[in-house]
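Please open the model in your viewer and keep the sequence panel beside it, with labels switched on for the residues you select. The tour below goes from one selection to the next and says what is to be found at each stop.

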Amino acid sequence: MTCTRILIIAHAPLAHALRQCALHVFPDCGEDVLAIDVQPNAPPADTLAATRIALEQDGDRPTLVLTDVFGATPCNVAQNLVDGNEIKLLTGVNLPMLLRTVCYRHENVEALTQRALDGGTQGVIQLTRSS
């Protein structure tokens, strides 16, 4: 069964740090989770080229792209990859979102996109001190 590929594009060193966290929890996810760190002052065209190369080397399969901040370079680069069918994009990646995504990576990209949204929002909780 082919898993949906998860591509994290974020400001350095966040993408690789998130990937390492995912590998800590799911050591078998390495083939399915790719990370592209956007370096300071790197031209967006260079980041896009590096991302396309990474995707081509990994083969053709459905992909969920996760970026850190809407409107920032990682998100802007990722928008050039989205095709609406096989590549979906979510911004605002956090660790709960990524872990939920990795856990359900065997699902199709549509279902996985919803799982990621749920994981990201449900992972943000205000806690109060108990008496």
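## Starting at Arg105

Select Arg105 to begin: with a relative accessible area of 9%, Arg105 is buried. This is a predicted model, so every distance and percentage in the tour is computed from predicted coordinates. Now add Asp28, whose side chain forms a salt bridge with Arg105, the closest N and O atoms being 3.3 Å apart. The two partners come from distant parts of the chain, 77 residues apart, with Asp28 in the loop between α1 and β2 and Arg105 in the loop between α4 (95-103) and α5 (109-122). Asp28 counts as exposed, at 55% relative accessibility, whereas Arg105 is buried.

## Along the charged residues

Extend the selection to Arg5, Asp32, Asp58 and Arg61, which are linked with Asp28 and Arg105 in a network of salt bridges. Within this group, zoom in on Asp58 and Arg5, whose side chains meet in a salt bridge at 3.0 Å, N to O. This pair also links distant parts of the chain, since Asp58 belongs to helix α2 and Arg5 to strand β1, 53 residues apart. Which of the two categories, buried or partly exposed, applies to Arg5? Arg5 counts as buried, at 3% relative accessibility, while Asp58, at 26%, counts as partly exposed.

The structure holds seven salt bridges, and another one to select is that between Glu110 and Lys88, whose side chains meet at 2.8 Å, N to O. Here Glu110 in helix α5 is joined to Lys88 in strand β4 (residues 87-91), 22 residues away along the chain. Glu110 is partly exposed, with a relative accessible area of 47%, and Lys88 counts as buried at 15%.

## Strand β1 and its two partners

Return to Arg5 and select the whole of strand β1, residues 5-11; six of its seven residues are buried, so the strand is largely enclosed by the rest of the structure. On β3, the bridge partner of Arg5 is Thr63, and the two strands pair in the parallel sense over five bridges. Strand β2 (residues 33-38) also runs parallel to β1, joined to it by six bridges, and Leu7 stands opposite Leu34 in β2. To follow the connection, trace the chain from β1 through helix α1 (residues 14-25) to β2, a β-α-β crossover that is right-handed.

On the way, stop at Gln20, which is placed in helix α1 and counts as partly exposed at 48% relative accessibility. Drawing a distance from Gln20 to Val33, C-alpha to C-alpha, gives 9.7 Å for two residues that are 13 apart in sequence.

## Two backbone features in the loops

Select Ala12 and Pro13 next, and look at the backbone: the peptide bond from Ala12 to Pro13 is cis, with omega near 5 degrees. Pro13 is found in the loop between β1 and α1. Then move to Asn41, in the loop between β2 and α2, which has a positive phi of about 65 degrees although it is not a glycine. Both stops are worth a look with this background in mind: most residues other than glycine have a negative phi, and most peptide bonds are trans. Asn41 counts as exposed, at 80% relative accessibility.

From there, go on to Thr47 in helix α2 (residues 44-58), which is buried, with a relative accessible area of 7%. Beyond its neighbours within four places in sequence, Thr47 is in contact with Ile36, Val38, Ala42 and Val77.

## The loop after β3

Finish in the loop between β3 (63-67) and α3 (73-79), where Asp68 is found. Where is the nearest side chain of opposite charge to Asp68? It belongs to Arg19, 16 Å away, and Asp68 is buried yet has no salt bridge. What the side chain of Asp68 does make is a polar contact with the side chain of His11, at 2.7 Å. Setting aside neighbours within four places in sequence, the residues in contact with Asp68 include Ile9, Leu14, Pro74 and Thr91.

Phe70 lies in the loop between β3 and α3 as well, but is exposed, with a relative accessible area of 65%. Leaving out neighbours within four places in sequence, Phe70 is in contact with Cys75 and Thr91, and the C-alpha atoms of Phe70 and Leu90, 20 residues apart along the chain, are separated by 8.9 Å.

How values were computed: Residues numbered from 1 in each chain as written. Predicted model: local features only at pLDDT ≥ 70, side-chain atom pairs only at ≥ 80, totals over all residues. Heavy atoms only, no water. Helix = DSSP H or I, 4+ residues; strand = E, 2+ residues; numbered from the N terminus. Buried < 20%, exposed > 50% of the residue type's maximum accessible area, 1.4 Å probe, protein only. Lys, Arg positive; Asp, Glu negative; His and termini not counted. Salt bridge = Lys/Arg side-chain N within 4 Å of Asp/Glu carboxyl O. Polar contact = N/O pair within 3.5 Å; in protein donor to acceptor, adjacent residues only side chain to side chain. Contact = heavy atoms within 4.5 Å. Pairing = 2+ DSSP bridges. Right-handed = clockwise from strand over helix to strand, strands pointing away.
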